Amino acid sequence: MTATTADVWLPFPAEEIDGLPDGPNYLFWNGGPDFPADPADCAYYVVPYMQGPEVAQGPLASMTSVQVVQTLSAGIDHVEPGLPLLPAGVRLCNAKGVHEASTAELTLALILASLRGIPGFVHGQDREEWRSGFYPALADKSVLIVGYGSIGSAIEDRLAPFECARVARVARSARTTARGPVHTLDDLPALLPEADVVILSTPLNPSTQGLVGADFLAAMPDGALLVNVARGGVVDTKALLTELESGRLRAALDVTDPEPLPQGHPLWHAPNVLITPHVGGSTSAFEPRAKRLLAAQLTRFAAGEQVHNVVRTTG
């Protein structure tokens with residue numbers, strides 16, 4: 001099987017994607033109960049977006065000829081447990097470049113809504129109550145971004161006009177950027193006490209699972225805001241609930257653990273929390289960017305060139 005004649009599974013109809021190369025056999029599958037063809041013949045598998053781990057990993061055990069698994073998310077945690085089912089040498093690619101704008105937009109929306117008391121104003125409007133007063137501003141706040149990849153950088157792009165006192169950055173590896181230094185996770189104990197707003201935009205992996213636990217939260221100053229646009233598992237929900245219920249911290253969460261958050265869970269009604277249902281990347285900006293990524297990746301694949309955004313190779 002060559003790249004130019006291989007089966008390619010797409011979560012969009014091929015005719016809706018401009019710029020796909022001729023040659024591959026494009027098949028539409030967006031997580032339905034029936035596969036579009038024998039998974040053993042699939043060479044390039046584009047994982048259906050936001051369909052959950054069961055769908056994402058469903059065909060992997062039978063994909064004996066697959067060469068590339070392409071997610072349409074920045075994170076790969078929904079696919080990663082199925083990687084041992086694949087043959088050696090399969091490249092796993094993420095969707096770097098697709099979600100930065102949307103996720104950064106939502107991050108700023110969560111920060112501003114939480115600081116400026118927007119949820120309370122909405123409740124006040126429902127009750128015809130005029131809730132005037134003074135509220136915190138983002139201006140003059142110290143912000144810490146934990147997870148300074150392409151999404152973290154995009155968030156800082158949008159923070160720039162808001163006159164923050166400073167922005168500190170944390171990633172897996174220390175480095176220097178045009179905006180300033182990037183610290184490592186080991187520096188968090190020194191950085192957290194100075195952060196009025198802590199933004200989580202890190203991948204979920206063994207080093208970040210439960211990263212935001214009781215000690216992390218205790219190091220944040222009174223009244224600080226935790227914003228999670230990463231994955232719910234980065235935060236210890238029980239520890240966060242303790243801080244919220246005491247009134248010491250606030251939170252704005254696009255992701256939760258568990259997720260979806262079940263009815264009756266105490267996080268729904270904890271004080272000082274704003275919850276959105278994992279919609280950081282689910283905007284009108286997603287589909288055109290995702291389709292451009294797929295056209296570019298498959299053009300490289302069909303030409304025998306190296307695909308981009310490779311985050312893991314099975315072995």
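A biologist asks about a predicted model, and a modeller answers.

Biologist: Which residues of the largest nonpolar core touch the most other members?

Modeller: This is a predicted model. Its largest nonpolar core holds 32 residues. The members with the most contacts inside the core are Leu 144, Val 198, Leu 200, Phe 216 and Leu 226.

Biologist: Which element supplies the largest share of this core?

Modeller: Several elements each give at least two residues, including β6 (142-146), β7 (166-170), β10 (197-200) and α6 (214-219). Helix α7 (237-246) and strand β12 (250-253) are also on that list. The largest share is four residues, and it comes from α7.

Biologist: What does Leu 226 contact, leaving aside its neighbours within four places in sequence?

Modeller: Leu 226 is one of the core members that touch the most others. Its contacts include Val 198, Leu 200 and Phe 216. They also include Arg 250, Ala 251 and Ala 252. The rest are Val 212, Leu 217, Met 220, Val 235 and Leu 240.

Biologist: How many residues are in the second, separate core?

Modeller: This core includes Leu 115, Leu 138, Tyr 148 and Ile 199. It is separate from the one above, and its count is 26 residues.

Biologist: Which side chain of opposite charge is nearest to Arg 250?

Modeller: Arg 250 lies in strand β12. It is buried yet has no salt bridge. A salt bridge needs nitrogen and oxygen within 4 Å. The nearest opposite charge is 7.8 Å away, on Asp 196.

Biologist: Then what is Arg 250 in contact with, beyond its neighbours within four places in sequence?

Modeller: Its contacts include Ser 114, Leu 115 and Pro 136. Gly 223, Ala 224, Leu 225 and Leu 226 are also in contact with Arg 250. The list is completed by Leu 244 and Asn 272.

Biologist: What do the buried residues of α4 pack against?

Modeller: Helix α4 spans residues 150-159. Its buried residues are Ile 151, Gly 152, Ala 154, Ile 155, Glu 156 and Leu 159. They pack against α2 (100-115), β6, β7 and β10.

Biologist: How many residues apart in sequence are the parts that Lys 291 and Glu 16 tie together?

Modeller: Lys 291 and Glu 16 form a salt bridge, with the closest N and O atoms 3.7 Å apart. Lys 291 is buried at 14% relative accessibility, whereas Glu 16 is partly exposed at 41%. Lys 291 lies in helix α8 (286-302) and Glu 16 in the loop between β1 and β2, so the tied parts are separated by 275 residues.

Biologist: Which strand does Glu 80 reach through its salt bridge with Arg 312?

Modeller: The two side chains meet at 2.5 Å, N to O. Glu 80 is partly exposed at 23% relative accessibility, and Arg 312 is partly exposed at 36%. Glu 80 lies in the loop between β4 and β5, and Arg 312 sits in strand β14.

Biologist: Which residues do shared salt-bridge partners join into one network?

Modeller: The structure holds 10 salt bridges. One pairs Arg 248 with Asp 222, with the closest N and O atoms 2.9 Å apart. The network formed through shared partners joins Glu 156, Asp 157, Arg 169 and Arg 179.

Biologist: What accessible area do the residues of the nonpolar surface patch have together?

Modeller: The patch is formed by Ile 118, Phe 121, Val 122 and Tyr 135. Ile 118 is found in helix α3 (118-126) and is partly exposed at 38%. Together the four have about 320 Å².

Biologist: Is Phe 134 buried or exposed?

Modeller: Phe 134 lies in the loop between α3 and β6. Its relative accessible area is 88%. The cut-off is over 50%, so Phe 134 counts as exposed.

Biologist: Which residues with a positive phi lie in the loop between α3 and β6?

Modeller: Glu 128 has a phi of about 60° although it is not a glycine. Asp 140 has a phi near 75° and is also not a glycine. Glu 128 is exposed at 75%, and Asp 140 is exposed at 63%. The loop between α3 and β6 holds Glu 128 and Asp 140.

Biologist: Where are Pro 258 and Pro 260, each joined by a cis peptide bond?

Modeller: Asp 257 and Pro 258 are joined with omega about 10°. Glu 259 and Pro 260 are joined with omega about -5°. Pro 258 and Pro 260 lie in the loop between β12 and β13.

Definitions and conventions: Residues numbered from 1 in each chain as written. Predicted model: local features only at pLDDT ≥ 70, side-chain atom pairs only at ≥ 80, totals over all residues. Heavy atoms only, no water. Core = buried A, V, L, I, M, F, W, Y, C linked by side-chain atoms within 4.5 Å. Buried < 20%, exposed > 50% of the residue type's maximum accessible area, 1.4 Å probe, protein only. Contact = heavy atoms within 4.5 Å. Patch = residues over 30% accessible without salt bridge, like charges linked within 9 Å, V, L, I, M, F, W, Y side chains within 5 Å. Areas by Shrake-Rupley, 256 points an atom, 1.4 Å probe, with all protein chains shown as cover. Lys, Arg positive; Asp, Glu negative; His and termini not counted.
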